[in-house]
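Thanks for making the time this morning. I would like to walk through one model with you, and I will begin with a question once it is on the screen.

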Amino acid sequence: MTISLDTVYAVSEDVVAREIEGEIIIVPLVAGIGDLEDELFTLNETGKAIWEKLDGRCSLGEVIADLAAEYLAEPGEIETDVLGLVQELTRRRMLVAV
């Protein structure tokens, strides 16, 4: 699966996410989402910052630029984290391309 910086991603309608004690908990609503071993998926602070930007309106390139400006980090560093998380979450069908 190829992840493109021009693509816009949004949270799948097959999951619900809630913030609990500073972490994002993603809960599948249908069978076959995520892993067989894990029914819940948890995002740390970095994952949470990325997740909150994946709103179905901004391309991944825009998400990376926003995060780089917000955290005063190099876009290349941010890009690696964003692409890794988006690839994992699309593989698990928790994110979808819009």
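Leaving aside its neighbours within four places in sequence, which residues is Leu89 in contact with? In this predicted model, where local features need pLDDT of at least 70, side-chain atom pairs count only at pLDDT 80 or more, and totals for chains, interfaces and linings use all residues, that is the place I would start. Residues are numbered from 1 along each chain as its sequence is written, and side-chain values use heavy atoms, with hydrogens and water left out.

The answer is Ile26, Phe41, Trp51, Met94 and Leu95, where contact means heavy atoms within 4.5 Å. Leu89 also belongs to the largest nonpolar core, which has 23 residues, and is listed with Ile26, Leu54, Val82 and Val86 as touching the most other members. Such a core is a set of buried Ala, Val, Leu, Ile, Met, Phe, Trp, Tyr and Cys residues joined through side-chain atoms within 4.5 Å, with buried meaning under 20% relative accessible area for a 1.4 Å probe, protein chains only.

Turning to α2, helices being DSSP runs of H or I with at least four residues and strands runs of E with at least two, numbered from the N terminus, its buried residues are Leu60, Val63, Ile64, Leu67 and Ala68. Seen down the axis of α2, they fall within an arc of 130°, taken from the directions from the helix axis to the C-beta atoms, so they line one face of the helix. These buried residues pack against β1, α1 and α3, and just after α2, Leu72 takes a positive phi of about 50°.

Technical notes. Buried < 20%, exposed > 50% of the residue type's maximum accessible area, 1.4 Å probe, protein only.
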